[in-house]
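Work through the exercises below with the structure in view, and try each task before reading its solution.

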Amino acid sequence: MFSHVMVGTADLERSKRFYDAVLGTLGIKPGFVDRHRVFWRSATGSFGSSIPINGEPQTIGNGSTIGFACDSPEQVEAWHAAGVQNGGTTCENPPGIREGAAGKLYLAYLRDPDGNKLCALHRLPKE
């Protein structure tokens, strides 16, 4: 459904360091810099971080979350740990199982160094 997702950053080097670490836990190769942006690519789409091209300050989207699919609860934990070790901050509840209309999910939430809200998600098998 999506071709790419882009977030704004105030510091391209810091953003690259953070996302290289968290996306690396998902098997994504380090991002490549294209002038004022960094792109990370996978077989299913692209993720980018950009200094705003309009010259205005970077801001975060209140109420927005970007979710990354994970293959296991262990991968969710590794993603979260890499984020915290590279300038992210944990938010919401600690990583773990959440139950709701979508079934059982293993989730972790972070804010990147610019404040963008991220989620790592693994759908647990139905019992």
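**Exercise 1. Find how strand β9 is paired with β5 and with β8, and decide whether β9 is enclosed.**

Step 1. Begin with β5 and β9, which run parallel and are joined by 4 bridges; two strands count as paired if DSSP finds at least two bridges between them. Strands here are DSSP runs of E with at least two residues, and helices are runs of H or I with at least four residues, numbered from the N terminus. The model is a predicted one, in which local features need pLDDT of at least 70 and side-chain atom pairs count only at pLDDT 80 or more, while totals for chains, interfaces and linings use all residues. Residues are numbered from 1 along each chain as its sequence is written, and side-chain values use heavy atoms, with hydrogens and water left out.

Step 2. Look for the partner of Phe 68 in β9, and you will find that it is Ala 120.

Step 3. Turn to strand β8 (residues 103-111), which pairs with β9 in the antiparallel sense over 7 bridges, and where Leu 107 stands opposite Leu 121 of β9. The hairpin of β8 and β9 has 5 residues between the strands, and Gly 115 in this hairpin takes a positive phi near 100 degrees.

Step 4. Of the 7 residues of β9 (residues 117-123), 5 are buried, so the strand is largely enclosed by the rest of the structure; buried means under 20% relative accessible area, exposed over 50%, and partly exposed in between, with a 1.4 Å probe and protein chains only.

**Exercise 2. Classify two aromatic pairs and place them in a cluster.**

Step 1. Rings of Phe, Tyr and Trp (its six-membered ring) pair if their centres lie within 6.5 Å, and planes under 30 degrees apart count as stacked, over 60 as edge-to-face and the rest as tilted. The structure holds 7 aromatic pairs.

Step 2. For Phe 18 and Tyr 19, the ring centres are 4.9 Å apart and the planes stand at 90 degrees, so this pair is edge-to-face. Phe 18 is buried at 0% relative accessibility, and Tyr 19 is buried with a relative accessible area of 0%.

Step 3. For Phe 68 and Trp 79, the values are 6.4 Å centre to centre and 45 degrees between the planes, which gives a tilted pair. Phe 68 belongs to strand β5 and Trp 79 to helix α2 (residues 73-85), so the pair ties together parts that are 11 residues apart in sequence. Both Phe 68 and Trp 79 are buried.

Step 4. Collect the rings: one aromatic cluster is formed by Phe 18, Tyr 19, Trp 40, Phe 47, Phe 68 and Trp 79.

**Exercise 3. Find two residues other than glycine with a positive phi, and say where they lie.**

Step 1. Arg 35, which is not a glycine, has a positive phi of about 60 degrees. Arg 35 is found in the loop between β2 (32-34) and β3, and with a relative accessible area of 63% it is exposed.

Step 2. Glu 92, also a residue other than glycine, has a positive phi near 65 degrees, and Glu 92 lies in the loop between β6 (89-90) and β7 (96-100).
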